[in-house]
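Open your viewer, switch to a cartoon view, and get ready to click along. At each stop you will hear what to select and what to look for.

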Amino acid sequence: MILPQAPIYIDGQPVITTYYLQNGYLMVPALFFKYTGVFVDWNVENQSVVLKRNNMILTLPSGKKYADYYVKDMWQRDLLPTITTNFPDGTYIPLQYVSEKLGMTVSYHFKQSRTYIVTNTPPSSIPRIYYNGDPSKKRVALTFDDGPDNFYTPQILDILNDNGVTATFFVVGKQVKLFPQVLKRILQEGHEIGNHSWSHPELPKLTTTQVIQEVQKAELEIDSITGRKTVLFRPPFGLFTNADLRTIDDLGHQIIMWSVDTLDWQGISEEEILSIVKRDVSPGAIILQHALLTAPRILDGTVKALPGIIDYLRKRGYTFVTVHTLIEGD
Ligand code: NI
């Protein structure tokens, strides 16, 4: 069954979602609510969706015309005119009922035929996302994602070493398990390690519990090899919801994005990578590159471009720092 898609505006930001109408009620995937900052889980035993926001817990059993909610230390029940429905791509729940029960405001703009949700979230409670560091200092952070591997990562480390440059590696737990010696080498040579999840999933497609597991499993693997905790997290594909942001923040990690995307993962040439860096770099930049062997090999350009990138940035007066140093005190 193919469902239609439409944007729903959350605090003014459009989020594209599948939906359907049931008895005039707008039904959306339970995971859609993660974009509003609500924690969303699935209780296997009770076959129900569990939503949490502030001190409120709301559960919607699949196929039932009611919802239970926990407020002020008591469970209460609401009867619903619609049934929570299971589809292959997720469980659908009534948008307006759930939003309002969790303290958000829903409105429908007839002229634009658009649905708006206002979450009423205090801006001060939203965790910060870092795209760059202090723009008044001529510093940059080179970052390499998806490793470690035993092909590109050692070559990158050699080049960094030869040039006396420190960088940050956002590593994937599964790769860490495969190449623990390479992870140790990264740290021994003075570079920083950040968490890039256990298996590189799209976080918006996971329940909150699954997101926690992705972060913690990678964290445990890194810790077991290095004896150190990471404080930085980069979401796979750069994708996350407001709930994921909160989850990662609660786990003690800062969310690190980037300001320069070299597009190296597209398998482009060293010249193209260097020209993107030249075009987009600015003081405080976080530069995104990758370090993972795939078949066919697509990251040869990354390694070839690196000496040129270092040389170019040095001549322009940039110094190279880890992400932690770049955002420190900012
Ligand atoms: Ni990645």
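In what order do the four strands of the open sheet with β3 run? The order is β3-β4-β11-β10, and the pairing is antiparallel. Before you go on, a word about what is on your screen: this is a predicted model, in which local features need pLDDT of at least 70 and side-chain atom pairs count only at pLDDT 80 or more, while totals for chains, interfaces and linings use all residues. Residues are numbered from 1 along each chain as its sequence is written, and side-chain values use heavy atoms, with hydrogens and water left out.

**Stop 1: the four-stranded sheet**

Select β3 (20–22) and β10 (85–87), the edge strands, each of which pairs on one side only. Strands here are DSSP runs of E with at least two residues, helices are runs of H or I with at least four, and both are numbered from the N terminus. Two strands pair if DSSP finds at least two bridges between them. Strands of a sheet pair through backbone hydrogen bonds, either parallel or antiparallel. On average, neighbouring strands in this sheet are turned by 35° against each other, direction ignored; such angles run from 0 to 180 degrees between N-to-C directions, with axes fitted as lines to C-alpha atoms, for helices over the stretch in contact.

Now add β11 (residues 90–94), which pairs with β10 in the antiparallel sense over three bridges. Show Thr-85 and you will find Tyr-92 of β11 opposite.

**Stop 2: the five-stranded sheet**

Next, select the strands of another open sheet, β5-β6-β7-β8-β9, listed in their order and paired antiparallel. Its edge strands, β5 (39–43) and β9 (74–79), each pair on one side only. Neighbouring strands are turned by 20° against each other on average, direction ignored. Within the sheet, three bridges join β7 (residues 56–61) to the antiparallel β8 (residues 66–71). Leu-58 is a good residue to click, as Tyr-69 in β8 stands opposite.

**Stop 3: the nickel ion**

Which residues hold out donor atoms to the nickel ion? Select Asp-146 (OD), His-196 (NE2) and His-200 (NE2): these protein donors lie 2.0 to 2.2 Å from the ion. A donor is an N, O or S atom within 2.8 Å of the metal (3.2 Å for Na, K and Ca), and sites may look incomplete because water is not among the atoms. Along the sequence, the donor residues follow the spacing D-x49-H-x3-H.

Click His-196 once more: this residue is buried, with a relative accessible area of 1%. Buried means under 20% relative accessible area, exposed means over 50%, and partly exposed lies in between (1.4 Å probe, protein chains only).

Then move to His-290 in strand β21. This histidine is buried too, at a relative accessible area of 9%. Beyond its neighbours within four places in sequence, the contacts of His-290 include Asp-146, Asp-264 and Trp-265; a contact means heavy atoms within 4.5 Å.

**Stop 4: strand β17 and Leu-232**

Select β17 (residues 192–195). Which residues cover its two faces? Glu-192 and Gly-194 are on one side, Ile-193 and Asn-195 on the other, and all are buried. Four bridges join β17 to the parallel strand β16 (residues 168–171), and Phe-169 has Ile-193 as its bridge partner.

From here, go to Leu-232 in strand β18 (residues 232–233). Leu-232 is buried, with a relative accessible area of 0%. Leaving aside neighbours within four places in sequence, Leu-232 touches residues including Glu-192, Gly-194 and His-253. Leu-232 and His-253 are 21 residues apart in sequence, yet 5.1 Å apart in space, C-alpha to C-alpha.

**Stop 5: helices α7 and α8**

Select α7 (residues 270–280), where Ile-273, Leu-274, Ile-276 and Val-277 are buried. Why do they share a side of α7? They cover an arc of only 155° around the axis, judged by the directions from the helix axis to the C-beta atoms. Glu-271 and Arg-279, on the other side, are exposed. The buried residues pack against β20 (260–261), β21 (286–290) and α8 (300–315).

Finally, look at α7 and α8 together: they pack at an angle of about 35°, with axes 8 Å apart.

**Zooming out**

Show the whole chain, with its nine helices and 22 strands. Buried residues make up 50% of its 330 residues.
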